[in-house]
Amino acid sequence: MTGDMTNDKPFRKTGEAAISESPLHPRRQSRRIMVGPVPVGGGAPISVQSMTNTPTVDVSATLQQIAELTAAGCDIVRVAVPSQDDADALPEIVRKSPIPVIADIHFQSRYVFQAIDAGCAAVRVNPGNIRKFDEVGPAICKAATDAGISLRIGVNAGSLDKELYARYGGPTPEALVASALKEARMFEDVGFHDFKISVKHHDPITMVQTYRLLASKGDWPLHLGVTEAGPAWQGTIKSCLAFGALLAEGIGDTIRVSLSAPPVEEVKVGCKILEYLGLRPRRFDIISCPSCGRAQVDVIQLANAVTEGLKDVTAPIRVAVMGCIVNGPGEAREADLGVASGNGKGQIFIKGKVIETVPEDRIVDTLLEKANEIAAQMEAEGQVPAGSTGPVVVPVTHTARHA
């Protein structure tokens, strides 16, 4: 497949030149960089990232986790490189990973060069904590240019330069953006432009304000993240709020949901955020009513059982699980498959038509059977992308703004 890039260096090739738009707001115009074969910025489909939590030196465990992340929909994976042993493990991980690998490096600049030599698709560096960055920065940029790879720079609230912290009275949006701009100039002053920027904060409001301000200052591709977002339930809410606000305004080119949870959970949340914002095609979705006094079945148990039974389905099937006759029939008719429950039984709908009525104890099994039949039919008809590991393209349905 040919792309829109003319540079023939390694990691500079992409798939079809494609852009995706939001149904809520035109995407911010940013320049495009490449992370391996995955385009970031320039209107490219928004990619989902995560980071392994295995010791990178444990190659088998790291590759196993990368495989799990890929299966969940991850487009780009980051691995930590805090030691020489971790750096030494990079070539094998890069060679065997099904998705582009970014090396996450702090403090030791020599690991940056080793990661580039290992074939990493990109390197995350924090100029603020790389020793003598003013001296090694130009060499890092030259090595990245020669290898045809990109970099990620940026600042977290916890790593803000002490001078900026004092000047602005803390990690304010203005302080974080000032730090990011200072770092960007370090690269641009030596003619390097293939980088994306992140300006993370643990507070969603501060994070949104910071990215809005940074987005107004230049055309860099932006990596969105709420850093140290917390446990799964709390971090999911924070990420949904912050990402939803920014992506609905067209801001953001790649995302990482940060959770104190298994990395696969980060990917699941990230993919669903993009799906529900219309930035990725919808895959399996379940509609279920809240539990209330009208429910004549255990809706919570029913919805959980159906969700668990269909967790591996990737077809864009929508299943409605409804617990009473007030909203149940209407919602079930709007779904590909649904059940309206009551009086110890359930009416099973397919595309708005009742196909059978089953006892309550057969509702789950019947729904799972029918759902898998519909999913198989969708796959046979080519409605499910097969073997795709890159970001899913959402075609633009109107005149593209991006040349």
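Which residues of helix α3 are buried? Let's start there, and please keep in mind that we're looking at a predicted model.

Helix α3 covers residues 109–117, and its buried residues are S109, Y111, V112, A115 and I116. If you look down the axis of α3, these buried residues fall within an arc of 150 degrees, so they line one face of the helix. Here's the background to that: an α-helix has 3.6 residues a turn, so residues three or four places apart point the same way.

And what covers that face? The elements over the buried residues of α3 include two helices, α2 (84–96) and α4 (133–147), along with the strands β5 (101–105) and β6 (122–125). Just after α3, have a look at G119, which takes a positive phi of about 95 degrees.

Now let's move along the chain to a sheet. This one is open, with five strands in the order β11-β12-β13-β14-β15, and the pairing is mixed. At the edges stand β11 (285–288) and β15 (353–359); each has a single partner strand, so one side of each is left without a neighbour in the sheet. From one strand to the next, the twist averages 20 degrees.

Within the sheet, let's zoom in on one pair. Strands β13 (residues 337–342) and β14 (residues 345–350) are antiparallel, joined over six bridges. G342, for instance, has K345 in β14 as its bridge partner.

Last stop: helix α12, residues 363–380, packs on this sheet. It touches β12 (318–322), β13, β14 and β15, and the direction of α12 makes about 165 degrees with that of β13.

Thanks, everyone, and I'm happy to go back to any of these views!

Technical notes
Residues numbered from 1 in each chain as written. Predicted model: local features only at pLDDT ≥ 70, side-chain atom pairs only at ≥ 80, totals over all residues. Heavy atoms only, no water. Buried < 20%, exposed > 50% of the residue type's maximum accessible area, 1.4 Å probe, protein only. Helix = DSSP H or I, 4+ residues; strand = E, 2+ residues; numbered from the N terminus. Arc of directions from axis to C-beta. Contact = heavy atoms within 4.5 Å. Pairing = 2+ DSSP bridges. Axes fitted to C-alpha atoms, helices over the stretch in contact; angles between N-to-C directions.
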